[in-house]
Amino acid sequence: MTVAFVESATARVRASTWLPVLGRAERVFDRALSGVGLTCATWAFAASLVPSLLPRAAWQQGVVSGVTVAVGYGFGASAQAVWDYLGIPGLRGRVRTGATAVLVGLGLLGAVLNAWRLVGWQNELRRTFGMEPTSATIWPVVVLVTVLLATALLLIGRSIRQLARASVGWFGRRLPPRLSRVIGVGLVVALFWGLWTGVIVRGFFAGANAVFAPQDTIGTHGSVRPSVPERSGTAESLTRWEDLGRYGRVFVRGGPSVANLEAVNGVGAKVPIRVYAGLQSAQTPQGRADLVLAELKRTGAFERRVLVVATTTGMGYLDRRATNTIEYAWNGDTAIAGVQYSYLPSWISLLADQEEVVETSRVVFETVRDHWATLPEAERPALYLYGLSLGSKGVEGVLSSVNILGASIDGALMVGPPFVNELHDRLTLERDEGSPAALPVYEQGRTVRFLDEHGGAERTPGPWGPTRVAYLQHASDPVTFFSSDLAFERPEWLSDSERGPDVSERMGWFPVVTMWQVLLDMPGADSVPDGFGHKYSSEAHLRAWVAVTDPPNWSAERERRILDALEGR
């Protein structure tokens, strides 16, 4: 009896001591962190570790995981808040705590399993891309970036929530409860939307422009300015060397010499014509277009066999893999014209300069084309358009213009078309049945054909022309295949039957997660070897130009000699 009494008393003491503590812990836990939010966060973290289009550096994986964890937690916490607000019955007390612990534990187990496999998955991708392997030493950076970023985003979210509560409380003392909630939350949303679109975004673009504009003067006083009259920026040129911009100067002083061309193609080579107008060359797009036309006339460009109106990217960059290859293919009997439209690098221009690139492309093309159309058809050069990345959107702007119907062009090459290209998206959506989204066939390839690193024009044996339009793209290029639809819809290019050869079989689709993965692949899309991501090789460019322009007396041996010269072999 004494023993029973002692045991009973001990049990009552334990209960009176620990039960309130457990209760308080559960209440603190509920106020501090959402159980449903934690459950979604752990599962989101596990999903964020699976492979994407490109291999990831440690910091990139940390950013992907940090954003994904924060979004997962926010989704779960919001769902729980709505559930509780509506008064829907649910688990309570210890049962709720236990269920949460089990679900979080399962999420953590999935995260641990995926973490164990992460290095192996990344090394599989790296082997495919020809990159050096990584190791488990990436994990400290991954964990640190994930925790810091997720915490920062959580604090920002909670600050917005507290501001909304304060706003609702202020209106609640003056208005009916439901109306105060609508007005209070609506004002906070409007405030942050206005800050984002009107202050943060514009301020970022203005600041970026101020930062990158001085870089346009790099190389102004270099001693390597061209001396041949066939280039802009020379003594004979109508455009000043100082006004061409950083990449304009790189463009006009580059390319193969006559000796280089004749070493590959034999005698008869010409000095390739390269003309360019920078942002400082004239105040308006029309002024720069007029200057380019005058330069084309001065250099005798309309007497060449091929004339390319090229739309630049960002700060005025033209890829040497595109310009050098067409000059080799035509033994220098070419003229290439470029115009700068921005001081911003391409990844910022993709967001800020969509209207500028389309407007500049149309003005330059129409100015050049109007003169070209007055020349005898048998004597004028074949006219082509070229654009890389955002530059391809400018080319699409020209192709969609009704003015092009007055005088046809001979073709166009668009490389690495970004996700903002409406024509590209429409052609992919309306592709011929049975052709893959990563490399579509449109209307049996009569006008438009899609190429990749290994060619593709020959997949459609029917006639191509008289106008030949080609898209050169990689299935692993996130700049091309990103879409906000990835958040809630599995893309066709991830299905087993339509997956490209450079897309990992282990890449799956997860709501929201895959969108963030592909979005955050974009900053590193140029950091991979040629032939993957947003890096297009000289070989791919050469084959694309040959397919579009059809140079005379072409052969596999000539292609090999040109590639050897381009690669310095």
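Two strands are said to pair if DSSP finds at least two bridges between them, and helices (H or I, at least four residues) and strands (E, at least two) are themselves DSSP runs, numbered from the N terminus. The structure described here is a predicted model, in which local features need pLDDT of at least 70 and side-chain atom pairs count only at pLDDT 80 or more, while totals for chains, interfaces and linings use all residues. Residues are numbered from 1 along each chain as its sequence is written, and side-chain values use heavy atoms, with hydrogens and water left out.

The chain contains 18 helices and 7 strands. Of its 569 residues, 50% count as buried, where buried means under 20% relative accessible area, exposed means over 50%, and partly exposed lies in between (1.4 Å probe, protein chains only). Among the contacts in the chain with a separation of 6 or more, 72% are accounted for by residues 24 or more positions apart, a contact being defined by heavy atoms within 4.5 Å.

Strand β2, which spans residues 306–311, is mostly covered, with 6 of its 6 residues buried. Both faces of β2 are covered, since V306, V308 and A310 on one side and L307, V309 and T311 on the other are all buried. Strand β2 runs parallel to strand β3 (residues 334–339), to which it is joined by 6 bridges, and within this pairing L307 has A335 of β3 as its bridge partner. Strand β2 also pairs in the parallel sense with strand β4 (residues 382–388), again over 6 bridges, and here V309 stands opposite L385 of β4. Together with helix α10 (residues 320–329), strands β2 and β3 make a right-handed β-α-β unit; a crossover is right-handed if, with the strands pointing away from the viewer, the path from the first strand over the helix to the second runs clockwise.

Helix α10 also takes part in the packing of helix α8 (residues 258–265), whose buried residues are L261, V264 and N265. Seen down the axis of α8, these buried residues fall within an arc of 80°, so they line one face of the helix, the arc being that of the directions from the helix axis to the C-beta atoms. The buried residues of α8 pack against α10 and α18 (556–566), whereas the face of α8 turned away from its buried side carries the exposed residues A259 and A263. Helix α8 is followed by G266, whose phi is positive, near 95°.

A further set of parallel pairings involves strand β7 (residues 468–472), which is mostly covered, with 4 of its 5 residues buried. Strand β5 (residues 411–415) pairs with β7 in the parallel sense over 5 bridges, and strand β6 (residues 448–451) runs parallel to β7 and is joined to it by 4 bridges. Residue Y471 of β7 is the bridge partner of M414, and Y471 is likewise the bridge partner of F450.

The second largest pocket is lined by 19 residues, of which D425, T428, S483, D485 and W493 lie nearest its centre. The elements that give two or more residues to this lining are α14 (422–429) and α15 (478–481), and α14 gives the most, with 5 residues. On a 1 Å grid over the protein atoms alone, a pocket is an open set of points with protein on both sides within 12 Å along at least five of seven lines, and lining residues have an atom within 4 Å of a point.

Conventions:
1 Å grid on protein atoms, 1.4 Å probe; cavity = no way out; pocket = protein on both sides within 12 Å on 5 of 7 lines; lining within 4 Å.
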